[in-house]
Amino acid sequence: MIIDGKKIRDDILNEVKASVQLLSFVPVFCDILVGDDQVSAQYVRMKEKTAESVGIKFRRADFSITITTEELIDEIENLNRVPHICGIIVQLPLPSHLDTQSIINAIKTELDVDCLGDSASKLFYENKNPIGFPAALSCMKIFDYMKIDLRDKNIVVLGQGMLVGKPVAHLIRNRGFDVNTINSKTENIDELLKNADIIISGIGHGKFITANKIKEGAIVIDAGTSEDSGSVIGDVDLDSVEKVASYVSPTPGGVGPVTVAMLLKNVIKVAQKKLL
């Protein structure tokens, strides 16, 4: 069965919209875009449309590709003080001359709704941050929405990147379940995949997971993306895997839409905290 990420997204967005209507102010969400990369601009427009559809005010902060790290940090410090600001993210990747981590770290911790700053990330892994990494939260939301029971399952996370692999393994362990993690140095990758009841992949290696690599009835969550001839593809070869897996999420249309919804859910959590 192919998991319909857009349906899950729409249900989350309905919850977010209801939460916005209960606030005494209109929350502001800001996306920072440096340069004129068309793919990045397309992602920003998608977030703008989605945010405004649920009543969140979207602020797009465009900066020239010639901006320096110091100048961008100054701009972010100004954005931190915008009235009713409830979330700031930086559209990645940034141009190579910029210090990406220093720039992300300039976002106030409580406004870091992507959870990519050093402080927000540290709090997440200490279980002290009310918000988390949107893509990792998205994977867990899919399990809950589809009523997939993680008990007594052999769970494998493919990739240990900061956006998906590492945080989703942490969230699974937080629920009291064991998880096997695979990175580039893991030797028995094929064996681990073949024995897995649940696979979450976030390696960004196009169509790496094929039907012959998984067991019959496995659940496969594709959280990796890469480009192929101008199109976005996932880590999973959907055409072959859907014939073997019990559930599989497609790319696009699976984890991606849910991730945007979970990002906006983070924005709402910030807004609700401002009322306390």
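Q: Two strands pair if DSSP finds at least two bridges between them, so what makes β6 and β7 a pair?
A: Strand β6 (residues 198-201) and strand β7 (residues 219-222) share four bridges, and the cut-off is at least two, so they count as paired. They run in the parallel sense, and Ile198 stands opposite Ile219 in β7.

Q: How do you know what to trust and how to count here?
A: This is a predicted model, where local features need pLDDT of at least 70 and side-chain atom pairs need 80 or more, while totals for chains, interfaces and linings use all residues. Residues are numbered from 1 along each chain as its sequence is written, and side-chain values use heavy atoms, leaving out hydrogens and water.

Q: Why are β5 and β10 called edge strands?
A: The open sheet of five strands goes β5-β4-β6-β7-β10, with parallel pairing. β5 (180-182) and β10 (247-248) each have a single partner strand, so one side of each has no neighbour in the sheet. Both also qualify as strands, because that takes a DSSP run of E with at least two residues (a helix takes at least four of H or I, and numbering starts at the N terminus).

Q: What makes us say that helices pack on this sheet, and which ones are they?
A: Packing here goes with touching, and contact means heavy atoms within 4.5 Å. Helix α6 (residues 134-145) touches β6 and β7, and its direction makes about 145 degrees with that of β7. Helix α7 (residues 165-174) touches β4 (155-158), β5 and β6, at about 160 degrees to β4. Those angles run from 0 to 180 degrees between N-to-C directions, with axes fitted to C-alpha atoms (for helices, over the stretch in contact).

Q: Why does the three-stranded sheet leave β2 and β3 with a free side?
A: Its order is β2-β1-β3, with parallel pairing. β2 (57-63) and β3 stand at the edges with a single partner strand each, so one side of each lacks a neighbour. Neighbouring strands of this sheet are turned by 20 degrees against each other on average, ignoring direction.

Q: How do you know that β1 and β3 belong together, and what lies against them?
A: Strand β1 (residues 28-34) pairs with β3 over five bridges, in the parallel sense. One example is Phe29, whose bridge partner in β3 is Gly87. Helix α3 (residues 69-79) packs on this sheet, touching β1, β2 and β3, and makes about 170 degrees with β1. Helix α10 lies across β1 and β3, at about 145 degrees to β3.

Q: What makes β8 and β9 run parallel or antiparallel partners?
A: Strand β8 (residues 225-228) and strand β9 (residues 231-234) run antiparallel and are joined by four bridges. Asp228, for instance, has Ser231 as its bridge partner in β9. The hairpin has two residues between the strands, and Ser229 takes a positive phi near 55 degrees.

Q: Why is Leu163 called buried, exposed or partly exposed?
A: Buried means under 20% relative accessible area and exposed means over 50%, with partly exposed in between (1.4 Å probe, protein chains only). Leu163 has 46%, so it's partly exposed. You'll find Leu163 in the loop between β4 and α7. Leaving aside residues up to four places away in sequence, Leu163 touches Leu116, Phe133, Ala135 and Ala136.

Q: What makes a space a cavity, and which residues line the largest one?
A: On a 1 Å grid over the protein atoms alone, a cavity is a set of points where a 1.4 Å probe fits but cannot get out; a pocket is an open set with protein on both sides within 12 Å along at least five of seven lines, and lining residues have an atom within 4 Å of a point. The structure holds one cavity of 30 Å³ or more. The largest cavity is lined by Ile88, Ile89, Val90, Ile104, Ile107, Asp112 and Asp114. Strand β3 (residues 85-90) gives the most to that lining, with three residues.

Q: Which residues line the second largest pocket, and which helix gives the most?
A: Its lining is Thr109, Glu110, Leu123, Lys128, Asn129, Pro130, Ile131, Lys269, Val270, Lys273 and Lys274. Helix α10 (residues 255-274) gives the most, with four residues.

Conventions: Grid points are joined across faces, edges and corners, and a volume is the space filled by probe spheres set on the points.
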